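Grab your viewer and work through a few exercises on the model below. Each one sets a task and then walks through a solution.

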Amino acid sequence: MSEAIRPSSLDHVALWTDARKPLADFACDHLGMHVIEETDTFTLVGVDAKLGKLTLFDAEGPRERGSLERIALRVGDLDAALEGLPAEVADDGVASFDGPGGVPLALVERDGVDFDLDHVVLRMPDRDDALSALESMGFDRCDGGLAVADRGLRVVEAEVAEGDRPLLNHIALLVDSAGEVQRDAEQRGVEVDDVKDAPNTFAVFLRGPSGVRIEYVEHKPGFALV
């Protein structure tokens, strides 16, 4: 891993969805979240702006699961969190279910803030190569998978065609300086996929294995989302 890529958190998971409002309402009504920011094209939801979040971008549907296996949120009391959840829950080692727009979600019982982001599971054709590539992009090896601080990224081996309408937009890592990540990538000859300079954040996007986009996002001084 380059010294320039030292993320402190898995900041958010961004999705393309044709069900932006139903999905945001579901997250707010049943997953303890609130709308942190909303524009004409996206909605940002989470329990706190400085914890793990979901960004929902408008897109034509239906969307394809592609490389996204599951997004898991942590709760202190799983049974209580599942009460009244208006979705069919599968007991497959975690409490997994589909949200509006076919978004694959799960709840896991773990200490922390209820409904904070716990881990993401990706499907990729060569798991070992994918883990190595993602480790070089800023993730740490942890218990057979990857992590940034206390949030995880797991990879399961599967032959998956991403298709023209993927559900996953990107996975974002919080860094002190996205500009440093950009300079490091350019010096190493790594193509920068995109750069976004927003009022509260500065972000650089790189492509990971299977074309998965990894965002390196820097919170600007005075970062004011709530």
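## Exercise 1: a salt bridge between helix and strand

Asp58 is partly exposed, at 39% relative accessible area. Bear in mind throughout that this is a predicted model.

**Task.** Work out which side chain meets Asp58 in a salt bridge, and which parts of the chain the pair ties together.

**Solution.**

Step 1. Look for a nitrogen of Lys or Arg within 4 Å of a carboxyl oxygen, since that is the cut-off for a salt bridge. Arg20 fits the bill: its side chain and that of Asp58 are 2.8 Å apart, N to O.

Step 2. Place the two partners. Asp58 belongs to strand E4 (residues 53-58) and Arg20 to helix H1 (residues 20-30), so the bridge ties together parts that are 38 residues apart in sequence.

Step 3. Check the surroundings of the partner. Arg20 has a relative accessible area of 11% and is buried, whereas Asp58 is partly exposed.

## Exercise 2: more salt bridges

**Task.** Find how many salt bridges the model has in total, then say which residues are joined with Asp118 into one network.

**Solution.**

Step 1. With the rule from Exercise 1, the count comes to 16 salt bridges.

Step 2. Pick out the one between Asp118 and Arg110, with 2.8 Å from N to O. Asp118 is buried, at 1% relative accessibility, while Arg110 is partly exposed, at 37%.

Step 3. Take another one, Lys196 with Asp194, at 3.5 Å from N to O. Here Lys196 is partly exposed at 45%, and Asp194 is partly exposed at 24%.

Step 4. Now follow shared partners: Arg74, Arg110, Asp118 and Asp150 are joined by salt bridges into one network.

## Exercise 3: reading the sheet

**Task.** Write down the strand order of the eight-stranded open sheet and name its edge strands.

**Solution.**

Step 1. Going across the sheet, the order reads E2-E3-E4-E1-E13-E16-E15-E14, and the pairing is mixed.

Step 2. Look for strands that pair on one side only: these are E2 (34-38) and E14 (192-197), the edge strands.

Step 3. For the twist, the average from one strand to the next is 25 degrees.

Step 4. Zoom in on one pair. Strand E1 (residues 9-17) runs parallel to E4, with six bridges between them. Trp16 has Phe57 in E4 as its bridge partner.

## Exercise 4: the two sides of H1

**Task.** Where does H1 lie relative to the strands, and which of its residues are buried?

**Solution.**

Step 1. Start with the placement. H1 lies across E1, E2, E3 (42-46) and E4, at about 15 degrees to E3.

Step 2. List the buried residues of H1: Arg20, Leu23, Ala24, Phe26 and Ala27. Viewed down the helix axis, the buried residues of H1 fall within an arc of 155 degrees, so they line one face of the helix.

Step 3. See what that face packs against. The buried residues of H1 pack against E1, E2, E3 and E4, and also against strand E7 (95-99) and strand E8 (103-109).

Step 4. Flip to the other side of H1, where Lys21 and Asp29 are exposed.

Step 5. Go past the end of the helix: H1 is followed by Gly32, with a positive phi near 70 degrees.

## Exercise 5: aromatic pairs

**Task.** How many aromatic pairs does the structure hold, and what is the geometry of Phe26 with Phe97?

**Solution.**

Step 1. The total is three aromatic pairs.

Step 2. For Phe26 and Phe97, the ring centres are 6.2 Å apart and the planes make 50 degrees, a tilted pair. This pair links H1, home of Phe26, to strand E7, home of Phe97, across 71 residues.

Step 3. Check burial. Phe26 is buried at 9% relative accessible area, and Phe97 is buried at 4%.

Step 4. Repeat for Phe42 and Phe57. Their centres are 5.6 Å apart with planes at 45 degrees, so this pair is tilted. Phe42 is in strand E3 and Phe57 in strand E4, so the pair ties together parts 15 residues apart in sequence. Phe42 itself is buried, with a relative accessible area of 18%.

Step 5. Finally, bring back the bridge partners from Exercise 3: Trp16 and Phe57 form one aromatic cluster with Phe42.

Technical notes. Residues are numbered from 1 along each chain as its sequence is written. This is a predicted model: local features need pLDDT of at least 70, side-chain atom pairs count only at pLDDT 80 or more; totals for chains, interfaces and linings use all residues. Side-chain values use heavy atoms; hydrogens and water are left out. Helices (H or I, at least four residues) and strands (E, at least two) are DSSP runs, numbered from the N terminus. Buried means under 20% relative accessible area, exposed over 50%, partly exposed in between (1.4 Å probe, protein chains only). Two strands pair if DSSP finds at least two bridges between them. Axes are lines fitted to C-alpha atoms, for helices over the stretch in contact, and angles run from 0 to 180 degrees between N-to-C directions. Contact means heavy atoms within 4.5 Å. The arc is that of the directions from the helix axis to the C-beta atoms. Rings of Phe, Tyr and Trp (its six-membered ring) pair if their centres lie within 6.5 Å; planes under 30 degrees apart count as stacked, over 60 as edge-to-face and the rest as tilted.
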